[in-house]
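Visitor: I am new to this structure and should like to be guided through it. Please show it to me before we begin.

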Amino acid sequence: MGLCHGKPIEQQSKNLPISNEIEETPKNSSQKAKSSGFPFYSPSPLPSLFKTSPAVSSSSVSSTPLRIFKRPFPPPSPAKHIRALLARRHGSVKPNEASIPEGSECEVGLDKKFGFSKQFASHYEIDGEVGRGHFGYTCSAKGKKGSLKGQDVAVKVIPKSKMTTAIAIEDVRREVKILRALTGHKNLVQFYDAFEDDENVYIVMELCQGGELLDKILQRGGKYSEVDAKKVMIQILSVVAYCHLQGVVHRDLKPENFLFTTKDESSPLKAIDFGLSDYVRPDERLNDIVGSAYYVAPEVLHRTYGTEADMWSIGVIAYILLCGSRPFWARSESGIFRAVLKAEPNFEEAPWPSLSPDAVDFVKRLLNKDYRKRLTAAQALCHPWLVGSHELKIPSDMIIYKLVKVYIMSSSLRKSALAALAKTLTVPQLTYLQEQFNLLGPSKNGYISMQNYKTAILKSSTEATKDSRVLDFVHMISCLQYKKLDFEEFCASALSVYQLEAMETWEQHARRAYELYEKDGNRVIMIEELATELGLGPSVPVHVVLQDWIRHSDGKLSFLGFVRLLHGVSSRTLQKA
Ligand SMILES: Nc1ncnc2c1ncn2[C@@H]1O[C@H](COP(=O)(O)OP(=O)(O)OP(=O)(O)O)[C@@H](O)[C@H]1O
Ligand SMILES: [Ca+2]
Ligand SMILES: [Ca+2]
Ligand SMILES: [Ca+2]
Ligand SMILES: [Ca+2]
């Protein structure tokens with residue numbers, strides 16, 4: 001299997017050309033986002049007990065230097081897959097694109113049998129082509145028998161001659177498996193069946209006749225009104241929240257991969273093309289560089305990512321919908337990568353100043369380069385820009401699961417600090433958490449056990465939940481020994497300090513929480529005890545690293561110590577500091 005992808009490919013993909021052949025980058029704003037509120041919502045005013053000192057977060061943003069350019073806002077156009085990805089998948093690329101050895105000699109011995117039915121021709125009558133991509137072409141067809149008799153369908157035809165590597169074959173296998181498992185969501189293309197013969201694989205699905213979202217964007221001269229952009233965003237987030245909950249990351253979200261069912265203005269939008277999708281366990285990181293350049297998340301380029309990478313791509317789509325231009329743009333692929341990693345998107349030029357602050361905040365919360373600070377799909381649906389515009393039931397959010405695991409493993413000291421921080425959450429923030437709590441099925445007297453975390457997922461699980469091993473993960477959570485949680489402690493367990501930190505109001509949250517902690521919990525603590533609580537090993541020079549954590553006047557935890565504690569510490573992070 002892996003024989004075909006030797007060193008050259010590995011080296012190629014590691015040395016992504018994020019180098020100096022950059023000509024133009026989008027205009028950067030060095031001005032820090034005037035973001036409002038919580039990661040999930042805009043603020044309801046915090047009691048102004050505390051003066052905001054110049055924000056900790058106002059450090060200058062690293063950005064690529066401004067250049068003079070003719071077109072700071074190039075309009076959207078179809079996105080190409082990343083070259084390294086194509087090289088890996090196909091074993092070779094066109095001359096000039098990359099110097100990858102031909103993979104064709106490895107083709108001998110590749111198993112191209114999928115176990116699909118061979119009876120395609122007797123079931124469907126192929127019609128004209130309706131679309132084309134890198135991996136195949138799509139035709140319309142008519143059902144000849146069975147339940148689809150007389151019905152128009154779409155057939156994605158993937159030639160086996162194009163499957164020149166084991167990776168490419170595995171991709172097709174996974175595409176069908178994921179589509180089959182996830183189908184049924186109203187914003188996901190309906191899958192019907194898969195066939196194969198010696199030449200091709202045929203994926204039969206619902207025919208979407210309204211065209212690609214990209215074409216709609218172009219038709220409208222690039223711009224959507226906020227109202228229309230919201231309708232698109234809600235549908236994208238709904239299907240992506242669903243995928244993520246099942247442990248599937250799409251990895252190729254872009255306007256070309258969303259189709260309208262009909263030409264009707266109110267046509268639903270459907271996600272297609274799971275050709276690059278993969279399973280990801282909530283505590284796993286993927287490392288394959290996959291996707292399309294304009295939409296790729298910074299952490300994908302750094303080769304360590306999870307479902308948050310899709311949220312970045314959705315941020316890019318939202319940016320394009322609202323202003324008609326790409327947030328990260330350059331003429332060369334390496335230039336785009338550099339912009340993605342370093343540049344801040346432009347929110348200064350028209351139409352941004354005239355858009356609603358909620359809309360701007362929404363996009364910024366998705367285009368945060370730190371994936372830990374980015375909104376999840378379920379949270380994005382609760383963002384004030386969208387929350388009033390849909391009736392969707394917010395789905396369970398896997399971030400709640402990841403956070404409770406870390407919470408339970410934390411020291412009691414950190415738990416009490418988080419409890420204080422949870423008391424500073426505002427009403428809209430609590431609404432999201434209340435929904436997540438309710439999804440866990442609390443008992444009559446308002447408690448959830450670790451077992452509830454598993455039960456909630458089992459209700460919505462599909463074949464994909466098993467294949468992605470999300471079920472293993474939630475099983476592990478359900479086996480953690482911990483007391484039942486009431487809503488108050490649930491909030492402490494489920495709040496993300498990173499996401500809170502991304503907000504303008506972070507300093508106020510932290511100050512207020514420290515004040516509450518002072519009243520309720522702060523006590524004299526010895527450095528040795530603190531070190532034990534934090535689980536620091538004997539190699540850590542605790543009197544040096546923890547010195548500032550203690551207030552010298554009375555020996556209690558200092559504000560700095562409190563904030564560090566909130567973030568959680570390990571011997572490793574301390575030694576780096
Ligand atoms: N169900 C469908 N109904 C109508 N058209 C479709 C359908 N599925 C795909 N198409 C059209 O075919 C095109 C190619 O399909 P798809 O994106 O799945 O192929 P691909 O080879 O994986 O492409 P890519 O190069 O983007 O990876 C789509 O952009 C779309 O225009
Ligand atoms: Ca296309
Ligand atoms: Ca596609
Ligand atoms: Ca594809
Ligand atoms: Ca995998």
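Guide: A definition is needed at the outset: a residue is buried under 20% relative accessible area, exposed over 50% and partly exposed in between, with a 1.4 Å probe and protein chains only. This is a predicted model, in which local features need pLDDT of at least 70 and side-chain atom pairs count only at pLDDT 80 or more, while totals for chains, interfaces and linings use all residues. Residues are numbered from 1 along each chain as its sequence is written, chains are lettered from A and ligands numbered from 1 in the order in which they are written, and side-chain values use heavy atoms, with hydrogens and water left out.

Visitor: Is Asn257 buried or exposed?
Guide: The relative accessibility of Asn257 is 5%. The limit for a buried residue is under 20%. Asn257 therefore counts as buried.

Visitor: Which residues are the protein donors of the calcium ion (ligand 3)?
Guide: Donors are N, O and S atoms within 2.8 Å of the metal, or 3.2 Å for Na, K and Ca; water is not among the atoms, so sites may look incomplete. At 2.3 Å from the calcium ion (ligand 3), the protein donors are Asn257 (OD1) and Asp273 (OD).

Visitor: How many residues apart in sequence are the parts that this pair ties together?
Guide: Strands are DSSP runs (E, at least two residues), numbered from the N terminus. Asn257 is in the loop between strand 6 (248–249) and strand 7 (258–260), and Asp273 is in the loop between strand 8 (269–271) and strand 9 (278–279). The pair therefore ties together parts separated in sequence by 16 residues.

Visitor: How far is an oxygen atom of ligand 1 from a polar side-chain atom of His81?
Guide: A polar contact is a pair of N or O atoms within 3.5 Å; within protein, one must be able to donate a hydrogen and the other to accept it, and residues adjacent in sequence count only if both atoms are side-chain atoms. For Thr138, a polar side-chain atom is 3.0 Å from an oxygen atom of ligand 1. For His81, the distance is 2.8 Å.

Visitor: Between which domains does ligand 1 lie?
Guide: Domain bounds come from an automatic or database domain assignment. Both domains give residues to the shell around ligand 1, so ligand 1 lies between domain 1 (118–204) and domain 2 (209–380).

Visitor: Which side chain does a polar contact of 3.4 Å join to that of Glu206?
Guide: Glu206 lies in strand 5 and, at 11% relative accessibility, counts as buried. The partner in the 3.4 Å contact is the side chain of Lys270.

Conventions:
Helices (H or I, at least four residues) and strands (E, at least two) are DSSP runs, numbered from the N terminus.
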